[in-house]
Amino acid sequence: MTAADSHPCDFCGATPAIKTFFVGLTGMVLLRKLQTTRGYFCRDCGDAAARKANSITARRGWWSISGWAGAPVYLMANSIRAGKVRKLPEPVRPGRTG
Ligand SMILES: [Zn+2]
C-alpha cells in the first residue's frame, strides 16, 4: 500500500478509493456543457457518479451537433472508468464496522 492507495473517498471517506473522473454531457443545439466530477471514489460512490454522469449524457447529450458525435464517446469512457471502480473491494468507512 502506498500513500496514494490509502487516500480515502472524497465523498464518504471510505477506503480503498481510486482517483478518476466522470463526465456528463449536456447538448444545447450548438453548444455543449460538460459536468465533470473528479476526485477519489470508493466503489459505491464511483458507481453512483458513473450512473449519474451517464444518465445526464443519455438523456441530454444528444441535443447538439457536437453531442451526436461526443455522447457515445463519453458514455463509453465513463463505463470504462466505472469498471475500474467496480473492481475495488467493498468500501470500509471509518467509525463503522461491518
Ligand atoms: Zn465513497
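## A tour from the hairpin to the helices

Start by selecting β1 and β2, two antiparallel strands joined by 11 bridges. Strands pair here if DSSP finds at least two bridges between them. Helices (H or I, at least four residues) and strands (E, at least two) are DSSP runs, numbered from the N terminus.

Before going on, note what is on the screen. This is a predicted model: local features need pLDDT of at least 70, side-chain atom pairs count only at pLDDT 80 or more, and totals for chains, interfaces and linings use all residues. Residues are numbered from 1 along each chain as its sequence is written.

**The whole chain**

Show the full chain, which holds 2 helices and 2 strands. Read from the N terminus, the elements run β-β-α-α. Now colour by pLDDT, the predictor's confidence in each residue, from 0 to 100. The chain average is 88, and 89% of the residues score at least 70. Among the elements, α1 has the highest mean pLDDT (95) and α2 the lowest (89).

**Before the first strand**

Select T15 and P16. The peptide bond between them is cis, with omega near -5°. P16 belongs to the segment before β1.

**The hairpin**

Move on to the turn between β1 and β2. The hairpin has 2 residues between its strands, and V29 takes a positive phi near 60°. Next, pick T26, whose bridge partner in β2 is K33.

Then select M28 in strand β1. A residue is buried if 20 or more other C-beta atoms lie within 10 Å of its own, exposed if 12 or fewer, and partly exposed in between, with C-beta atoms placed from the backbone. M28 is exposed because it has 12 other C-beta atoms within 10 Å. Leaving out residues up to four places away in sequence, M28 touches K33, W63 and S64. Contact here requires C-beta atoms, placed from the backbone, that lie within 7 Å. Add R60 to the selection: it is 32 residues from M28 along the chain, and their C-alpha atoms are separated by 8.4 Å.

**L34 in the second strand**

Go to L34 in strand β2 (residues 31-41). L25 stands opposite L34. With 14 other C-beta atoms within 10 Å, L34 is partly exposed. Apart from neighbours within four places in sequence, L34 is in contact with V23 and L25. A53 is 19 residues away from L34 along the chain, with 9.7 Å between their C-alpha atoms.

**Helix α1**

Select α1 from end to end. At 1.5 Å a residue, its 18 residues should span 26 Å, and the end C-alpha atoms are 26 Å apart, which agrees. The expected span is 1.5 Å times one less than the number of residues.

Which residues of α1 are buried? They are R43, C45, G46, A49, A50, A53, N54, I56 and T57. These residues lie on the same side of α1, because they cover an arc of only 165° around the axis. The arc is that of the directions from the helix axis to the C-beta atoms.

Turn the helix to see the face directed away from the buried side, which carries the exposed residues S55 and R59. R59 counts as exposed because it has 11 other C-beta atoms within 10 Å. Between R59 and G27 there are 9.6 Å, C-alpha to C-alpha, although they are 32 residues apart in sequence.

**The nonpolar core**

Finish inside. A nonpolar core is a set of buried Ala, Val, Leu, Ile, Met, Phe, Trp, Tyr and Cys residues joined through C-beta atoms within 7 Å. The largest one has 18 residues, and C9, A17, F41, C42, A49 and A53 have the most contacts inside it. Two or more residues of this core come from each of β1 (18-28), β2, α1 (43-60) and α2 (65-86). The largest share is from α1, which gives 5 residues.

Select A49 for a closer look: not counting residues up to four places away in sequence, A49 touches F22, T37 and F41.

Zoom out to the whole chain once more. Of its 98 residues, 32% count as buried. Among contacts with a separation of 6 or more, 71% are between residues 24 or more positions apart.

How values were computed:
Two residues are in contact if their C-beta atoms, placed from the backbone, lie within 7 Å.
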